[in-house]
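Could you walk me through this fold, from the overall numbers down to a few side-chain pairs? Here is the structure, with a short report after it.

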Amino acid sequence: MTDVDRTIDFLAPGTPVDLSNCEREPIHIPGSIQPRGVLIVVRDPDWIVQQASENLAGLTGVAWQDAIGRPLADVLGVAAAGAVVRLASAFGDLRERNPVEITLDVDGAPVPVDALLHRAVVERGTQDAGDGPVATDGLPLSSVVVELEPARGPRPFSFPNTYQAVRGTVAALDRASSLQQLYDITAQAVRSLTGFDRVMVYRYDADYNGEVVAEAKQEGLNSFLGLHYPASDIPAQARALYEKNWIRLISDIDYTPVPIRPVDHPVTARPLDLTYSTLRSVSPIHVEYLHNMGVRASMSISLLRDDKLWGLIACHHYSGPHAPPYATRAAAEFLGSTMSVRLIDRASEDEIERALRVRSNLAWLTAATLDEDRTLTDTLLGRISLLDVLEAEGAVVNLQGHSGTAGVELPPGLADGIAAWAASRGDDVVATDSLDVDAPHLRAPTELACGALVLPLPEGQYVLWFRGEAVRHIDWGGDPHNKAIAEREGDEVRLSPRKSFERWRETVRGRSEPWSAQEVTEATELRIHLLEALYARSRSIVRAAETLQRSLLSDPPQPDDLETGVRYVPATREAQVGGDWYDVFQQPDGSTMLVIGDVVGHDTEAAATMAQLRGLLRGIAYDNGAGPATVLSRLDAAIQGLDISAMATVLVARLEQTAEEADRGVSRLCWASAGHLPPLLVAPDGAQRLLDSGRPGLLLGVDPTLPRTAHELEIERGSTLLLYTDGLVERRDQVFDDGVELLGEALADLRHLPVEEMCDELIDRLIPEGAEDDVALVAVRLRPRER
C-alpha cells in the first residue's frame with residue numbers, strides 16, 4: 001500500500017500516543033536490503049552460505065534456496081570466490097580492504113562487480129543449520145557478510161587511486177584559514193565528486209540539533225544554508241549507527257526492500273545485524289521523511305570527533321535515483337574524514353590557547369590570594385580579574401567583609417539575592433542560564449543578569465559572575481515543535497514524520513549564553529583555592545608557605561617501576577612565601593615527567609608567578625609528545641606571549657622505558673635545563689654522578705628565541721635520581737660545590753632507605769637548623785628489575 005492509495009486517519013488532538021517509537025525502531029536489523037546489490041552470508045572458515053538475499057539469482061544465476069548450505073564457489077564461481085576468500089583471510093578489519101573487484105557471468109555476459117566484505121560476530125550456543133559443529137562454550141563465532149554491487153558503467157577511477165582523485169581538495173583543506181572555508185571546500189568537492197543535486201555540511205550542537213553550515217547545490221534549488229533541524233529528525237539509534245558505519249547510500253527511496261533468507265541467522269536465531277552493511281534497508285519512517293522533502297536519493301557521510309558524531313555531510317538528489325559507485329563514495333568518505341581531522345586540529349588549537357590563558361590567569365589569582373596585605377576582593381578584581389577567568393558582563397565579590405564589582409553593576413541587593421538563592425541549592429557551584437526560570441522570585445533584569453554562575457562560600461560569602469540575555473534567532477527547516485504526526489493505521493498507531501520543511505523562525509529569549517562544563521570546572525578549581533586562602537588568612541603569615549605547598553604542590557604518582565618522593569621546605573629566615581616548586585606527573589604513554597623550578601624573588605609575587613609557570617608547563621607538556629627542550633622553549637615563548645614578568649630557573653626531565661630497555665634493566669632519562677642546578681645520580685653501588693652538561697642554559701624570561709638543548713642518559717635500575725633547588729646546597733657559610741659534595745655523599749649513604757624516609761634524612765643532614773632559602777626536591781628511585 002502506498003501513501004497515495006491508503007486512507008490516513010489522523011488521531012484526534014489529545015489522544016495519548018508514544019512519540020518515541022521511532023527512537024526504539026531496531027534499524028540495525030531490518031531483515032532486508034536495498035535492491036541495487038545482493039547480500040550473501042557465509043560461515044567462516046569453511047565458506048558455506050548461511051543466508052542470502054532473495055534477489056541472489058538476478059546477479060549470480062543461483063536461487064537463494066539453492067545457495068543455502070553450498071560453498072561460496074558454487075554461487076560465485078571459483079575465480080570470484082577465490083578472490084573474496086583471499087581478502088577475507090587477511091588480518092584486521094575487512095572493510096579497510098574493500099572492494100574486491102570481481103567479474104560475474106550474468107546471462108552469458110561478464111558483469112564487473114564490487115564485492116564489499118565485513119565480518120559479523122555471532123554468539124555460539126545454538127546448533128548451526130549446516131554441517132558445522134555444535135558449539136556450547138559461549139565463545140564468539142563469525143560470519144562474513146559479502147555484498148555484491150554491480151559496477152555498471154565505467155568506474156570513475158580505480159579504488160587504489162582514491163587519494164589521487166581528491167588530493168587537490170585535501171591540499172585546499174590544508175590551506176583553509178577558517179572553519180567556514182573547511183565546510184565550504186568540502187561541500188563543493190563532495191558534490192563535484194558524487195554528482196548529487198545538493199550537498200550540505202550539517203553540524204550538531206550539544207543536544208544534537210543540527211545546523212546547515214555549508215551547502216553546494218544545483219542552480220535553481222532553494223537554499224537550506226543556515227537552517228536548523230531538531231534532534232528528532234535523526235534519532236539516537238540512527239546517530240549510533242553513523243558512529244560505526246561512516247557512509248550510507250539510498251540510491252532510490254522508492255525501492256522495494258529485498259528480504260534476507262532465511263530471516264534468522266542459523267546460529268543466533270535472530271535477524272542478521274546489518275550495522276556495517278552498505279546495502280542495509282533503511283527505516284520506512286526515514287524513507288517517508290525523505291519523500292516529504294521531495295528527495296529521490298540520499299547519501300550521508302559521518303563526521304566524527306573522538307569517535308563521537310559531531311555532524312554529517314548530507315547529499316540529496318531530486319531528479320531521480322542516483323547511485324555513485326563504491327570508489328566514488330569511498331573518496332567522498334575520505335574527504336569527510338580529512339575535514340574532521342582538520343576541524344579537530346583547529347578546534348584543539350583554539351581550546352588549548354584558551355585553556356592556557358585561563359589556567360595562567362587562574363593560577364595567578366590563586367597565588368595572589370596569599371598576599372595578606374591586600375584584601376581578597378581587591379585581588380580578585382585587580383589587574384587580572386575574575387572576568388579574565390570566565391567571560392561575563394560582570395562579577396561580584398563579597399569576601400571577609402569587603403565587596404566589589406568588576407564590569408557592569410547590578411541593582412542594589414540583587415547580587416546578595418542571587419548568592420542566597422545559590423547557597424540554598426547546597427552545591428559548591430551553581431550555574432544557570434535563566435534566573436527567570438530557576439529563581440523567578442528575584443525578578444532579575446534579563447538585560448543585565450539573565451544567567452549567573454555562583455560560588456557559595458562559608459558565612460554568606462560568595463563570588464558570582466552574571467551574563468545578560470542572549471537573544472537568538474534560529475531559522476528551522478520546519479516547525480521544530482511539530483516533530484511528527486500520529487496516524488491511526490487499523491488497530492494500531494504509527495508515527496508519520498513531519499511534512500513541512502518551510503523556513504520557520506524561532507526567537508529564543510530569556511536565556512544567557514550557557515556556562516560550559518569547562519567553565520564550571522575552572523570555577524570549581526578557583527573555589528577550592530579561595531577556601532584555602534580564607535583558611536590561610538585566619539592563621540599567621542608563617543603558615544602561608546605551608547598553605548601554598550598544600551594547594552599548589554601535589555603528591556607525586558607512584559608508578560610500578562618507580563618510587564618517588566617530594567619535599568617543599570619554606571625558608572625560616574623570613575615569613576614570606578617563595579617561588580620554588582616541583583612537579584611530577586605521568587604521561588598517557590607511561591613515561592614520567594619530573595620538574596623542578598625556582599622563580600626569582602621571595603614574595604607573594606614570586607609565588608603567584610610560580611603558580612602561573614607551573615600551570616602553563618603542565619598544559620604545554622601533557623600528552624603532546626614534546627621533549628623537555630621543546631617544553632622549555634614553548635614555556636619561554638608563553639612567558640613572553642602572555643606578558644608574564646618573570647625570570648626562573650627550571651629543569652624538565654622525562655623518564656621512560658622501552659621493552660628492550662626493560663629487558664636490559666635500564667631506563668632512559670632525557671632532560672633539559674634553563675639555568676637550573678644539575679641533577680644528582682647515585683648508582684646502586686653508591687657511585688655518584690652530577691649530571692652537569694657544562695652549560696645549564698639561560699634562565700626563562702630572558703630570551704625566548706634561545707634554543708634549548710636536551711641530554712639523554714641510560715640509568716641502571718636501582719639507581720636514585722635527585723632534582724633540587726639551591727636552598728638545599730647553598731647558604732652563607734657554604735659554597736655550591738661544597739654543598740653538592742655533601743649532598744652526593746648523603747644521597748649515597750642513604751640510598752638503601754625507602755625514598756620517603758631518605759628525603760626526610762637528606763633535609764635533616766643538609767639543613768639541620770632550617771632552610772635559609774626555600775627548598776624543593778624530587779627524589780626518584782628506579783625499582784630494581786624483578787628476577
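What follows is a quick tour of the model, going from totals to strands to charged pairs.

## The big picture

Keep in mind that this is a predicted model. The protein has 787 residues, and 51% of them are buried. DSSP-style bookkeeping gives 20 helices and 33 strands.

If you look at contacts with a separation of 6 or more, 69% of them are between residues 24 or more positions apart. The accessible surface adds up to about 35,600 Å², with carbon and sulfur atoms holding 49% of that.

## Around strand 9

Strand 9 covers residues 210-217, and 6 of its 8 residues are buried. On one flank it runs antiparallel to strand 8 (residues 198-204), with 7 bridges joining the two. Tyr202 sits opposite Val212 of strand 9 here. The two strands make a hairpin with 5 residues between them, and in the turn Tyr208 has a positive phi of about 70°.

Strand 9 also pairs with strand 10 (residues 228-229), again in the antiparallel sense, this time over 2 bridges. Glu211 has His228 in strand 10 as its bridge partner.

## A five-strand open sheet

Further along the chain, 5 strands build an open sheet in the order 25-26-27-28-31, with antiparallel pairing. Strand 25 (580-586) and strand 31 (710-716) each have a single partner strand, so one side of each is left without a neighbour in the sheet. On average, neighbouring strands in this sheet are turned by 15° against each other, ignoring direction. Helix 17 (residues 628-641) lies across strand 27 (648-656), strand 28 (666-674) and strand 31, and runs at about 25° to strand 28.

Back at strand 25, 6 of its 7 residues are buried. Its pairing with strand 26 (residues 592-599) is antiparallel over 7 bridges. Val584 stands opposite Leu594 in strand 26, and Gln586 has Thr592 as its bridge partner there. The hairpin of these two strands has 5 residues between them, with Gly590 at a positive phi near 95°.

## A greasy spot on the outside

Val600, Met647, Leu698 and Val702 make a nonpolar surface patch of about 320 Å². Of these, Val600 is found in the loop between strand 26 and helix 16 (604-621).

## Salt bridges

The count of salt bridges comes to 26. One of them joins the side chains of Asp583 and Arg618, at 2.7 Å from N to O. Asp583 belongs to strand 25 and Arg618 to helix 16, so this pair ties together parts 35 residues apart in sequence. Is each partner buried or partly exposed? Asp583 has a relative accessible area of 2%, so it counts as buried, while Arg618 is partly exposed at 29%.

Another salt bridge links Arg664 and Glu714, whose closest N and O atoms are 2.7 Å apart. Arg664 is in helix 18 (residues 659-664) and Glu714 in strand 31, so parts 50 residues apart in sequence are tied together. Arg664 is partly exposed at 40% relative accessibility, and Glu714 is partly exposed at 42%.

Asp749 and Arg765 also form a salt bridge, with closest N and O atoms 2.8 Å apart. This pair connects helix 19 (residues 736-749) with helix 20 (residues 755-766), across 16 residues. Asp749 is partly exposed at 46%, and Arg765 is partly exposed at 42%. Finally, salt bridges with shared partners join Asp589, Arg654, Glu656, Glu661, Arg668 and Glu712 into one network.

Note on methods: Residues are numbered from 1 along each chain as its sequence is written. This is a predicted model: local features need pLDDT of at least 70, side-chain atom pairs count only at pLDDT 80 or more; totals for chains, interfaces and linings use all residues. Side-chain values use heavy atoms; hydrogens and water are left out. Helices (H or I, at least four residues) and strands (E, at least two) are DSSP runs, numbered from the N terminus. Buried means under 20% relative accessible area, exposed over 50%, partly exposed in between (1.4 Å probe, protein chains only). Contact means heavy atoms within 4.5 Å. Accessible areas come from the Shrake-Rupley method with a 1.4 Å probe; for residues, only the protein chains shown count as cover. Two strands pair if DSSP finds at least two bridges between them. Axes are lines fitted to C-alpha atoms, for helices over the stretch in contact, and angles run from 0 to 180 degrees between N-to-C directions. Patches are made of residues with over 30% relative accessible area and no salt bridge: like charges are joined within 9 Å, nonpolar side chains (Val, Leu, Ile, Met, Phe, Trp, Tyr) within 5 Å. A salt bridge is a side-chain nitrogen of Lys or Arg within 4 Å of a carboxyl oxygen of Asp or Glu.
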